[in-house]
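Open your viewer and get ready to click along. Each stop tells you what to select next and what is there.

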Amino acid sequence: MTETQVPAPARSPGQGPLTGVRVVELAGIGPGPFAAMLLADLGADVVRVDRPGGPGLGIDPAYDVTNRNKRSVVVDLKAPDGADRVLDLAERADILVEGFRPGVAERLGVGPGDCHARNPGLVYGRMTGWGQQGPLADRAGHDIAYIARTGTLGMIGSPDRPPAVPANLLGDYAGGSLYLVVGVLAALHHARLGGTGQVVDAAIVDGTAHLSAMIHSMLAVGAWQDRRGANLLDGGCPYYGTYETADGGHMAVGALEPQFYDEFLRLLGIEDEEGPGLSGARIDVTRWPALRERVTARFKGRTRDEWTAVFDGSDACVAPVLSLREAPHDPHLAARGTFTDHAGITQPAPAPRFSATPTSVRTGPARPGADTDDVARDWDVPRLLSASRHPQRKASP
């Protein structure tokens with residue numbers, strides 16, 4: 001499907017608990033756009049300020065679902081009046097989100113000082129990997145480097161292989177985007193209670209480290225070994241991990257509690273095997289290797305779908321490992337509407353869910369500059385219209 005075949009997004013009023021909240025997003029890549037998408041999914045009016053020439057990754061804007069439920073204007077921040085156009089928006093906004101390296105927004109004239117001079121109540125959210133201060137603050141980086149230094153990457157994978165890379169979910173989105181959203185909403189609450197606006201410094205290293213709080217507790221009391229594949233939750237435990245099936249698929253096992261473990265053994269068909277009873281192997285780590293061998297052999301005897309049927313309806317805490325294309329067709333996820341189709345794109349539906357202020361995918365991905373007239377009118381920023389009447393130069397590499 002080409003871009004011209006994707007229906008143009010139809011505009012609709014905001015829906016969700018953040019309806020009425022105005023957000024300015026200075027276009028970037030990764031965690032910043034995802035955080036702004038989450039705010040937009042929750043009903044905020046998010047205006048993405050795109051740069052001439054696009055953000056640099058070359059993703060077709062028609063398919064970039066992280067820009068759904070948003071509107072877009074194009075502003076050249078390097079033009080003489082570019083900063084003023086953004087400040088006009090910031091003056092009318094509740095939240096601004098940017099993901100530049102430290103000091104860049106200030107050099108462009110849209111830093112916290114510039115914005116707060118126009119709007120003292122603005123929540124200014126800063127999304128970076130290393131944070132605004134520290135020896136590495138000015139260095140380039142990506143998710144994998146950030147999580148590497150926090151100790152979390154080193155926890156993931158088999159002990160006899162290099163650490164496994166969890167896509168960019170752990171750092172960019174869990175340790176970055178979600179902490180930025182929590183931060184700006186907390187700061188917005190403070191501002192609306194009569195406080196002032198403030199800067200939220202959301203660093204991926206901070207958020208990712210924070211995610212490992214429980215593991216650090218276990219480490220402190222000796223319940224966690226500081227190495228891969230030796231612990232209850234890192235694949236070292238034979239009843240908490242993944243196993244290959246006869247057809248090359250995989251099953252995920254998480255039978256931690258005694259009653260779930262016993263159910264797992266029963267349905268797997270190994271509870272009555274000859275030799276020492278396997279019930280005691282649950283807490284006897286010296287017997288884990290033998291237990292793993294038995295479990296591995298049993299799973300190899302049937303296909304993934306066959307094992308899925310065996311464990312269906314049980315409390316054994318076993319599930320098939322699905323691919324991205326398979327997941328939307330899972331019976332449970334389909335029943336809940338965990339995924340949705342919009343403008344020809346299958347995508348995760350907004351989350352979480354609200355009983356009084358339901359959310360939805362209202363519009364498809366925002367096209368750069370397509371909403372300039374609407375935003376200029378709705379936000380009362382006529383200076384945007386003068387910008388849209390003149391060709392924008394391409395941003396410098």
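Where does C317 lie? Select C317 and you will find it in the loop between α11 and β9. Before moving on, note that this is a predicted model, in which local features need pLDDT of at least 70, side-chain atom pairs count only at pLDDT 80 or more, and totals for chains, interfaces and linings use all residues. Residues are numbered from 1 along each chain as its sequence is written, and side-chain values use heavy atoms, with hydrogens and water left out.

A word on names: helices (H or I, at least four residues) and strands (E, at least two) are DSSP runs, numbered from the N terminus.

**Stop 1: C317 in its loop**

Stay on C317, where phi is near 60 degrees, a positive value in a residue other than glycine. Its relative accessibility is 36%, so C317 counts as partly exposed. For this term, buried means under 20% relative accessible area, exposed over 50%, and partly exposed in between (1.4 Å probe, protein chains only).

**Stop 2: a sheet of three strands**

Now select β7, β8 and β9. These three strands form an open, antiparallel sheet in the order β7-β8-β9. Two strands pair if DSSP finds at least two bridges between them. Why does one side of β7 (240-244) and of β9 (318-320) have no neighbour in the sheet? Both stand at the edges, each with a single partner strand, so one side of each is left free of a neighbour there. From one strand to the next, the twist averages 20 degrees.

Zoom in on β8 (residues 250-254): three bridges join β8 to β9, and the two run antiparallel. Pick M251 and look across to P320 in β9, which stands opposite. Next, add helix α10 (residues 288-299), which packs on the sheet and touches β7, β8 and β9. Touching here is contact, meaning heavy atoms within 4.5 Å. The direction of α10 makes about 40 degrees with that of β7. Axes are lines fitted to C-alpha atoms, for helices over the stretch in contact, and angles run from 0 to 180 degrees between N-to-C directions.

**Stop 3: two packed helices**

Two packed helices are described by the angle between their axes and the distance between the axes. Select helix α9 (residues 258-268) and helix α11 (residues 304-311): they pack at an angle of about 125 degrees, with their axes 10 Å apart. The two helices are therefore oblique to each other. (Angles under 35 degrees count as roughly parallel, over 145 as roughly antiparallel, 65 to 115 as roughly perpendicular and the rest as oblique.)

Which residues make the contact? Show F264, L267 and L268 of α9 together with W307, V310 and F311 of α11.

**Stop 4: D45**

Jump to D45, found in strand β2 (residues 45-50). With 21% relative accessibility, D45 counts as partly exposed. Add T19, which is 26 residues away along the chain; the C-alpha atoms of D45 and T19 are separated by 7.1 Å. Leaving aside neighbours within four places in sequence, D45 is in contact with V21, R22, V23, R71 and W379.

**Stop 5: T152**

Is T152 buried or exposed? T152 is buried, at a relative accessible area of 6%. Find T152 in the loop between α5 (143-150) and α6 (169-192).

**Last stop: a cis bond**

Finish at P352, in the loop between β11 (345-348) and α13 (372-378). The peptide bond from A351 to P352 is cis, with omega near -5 degrees.
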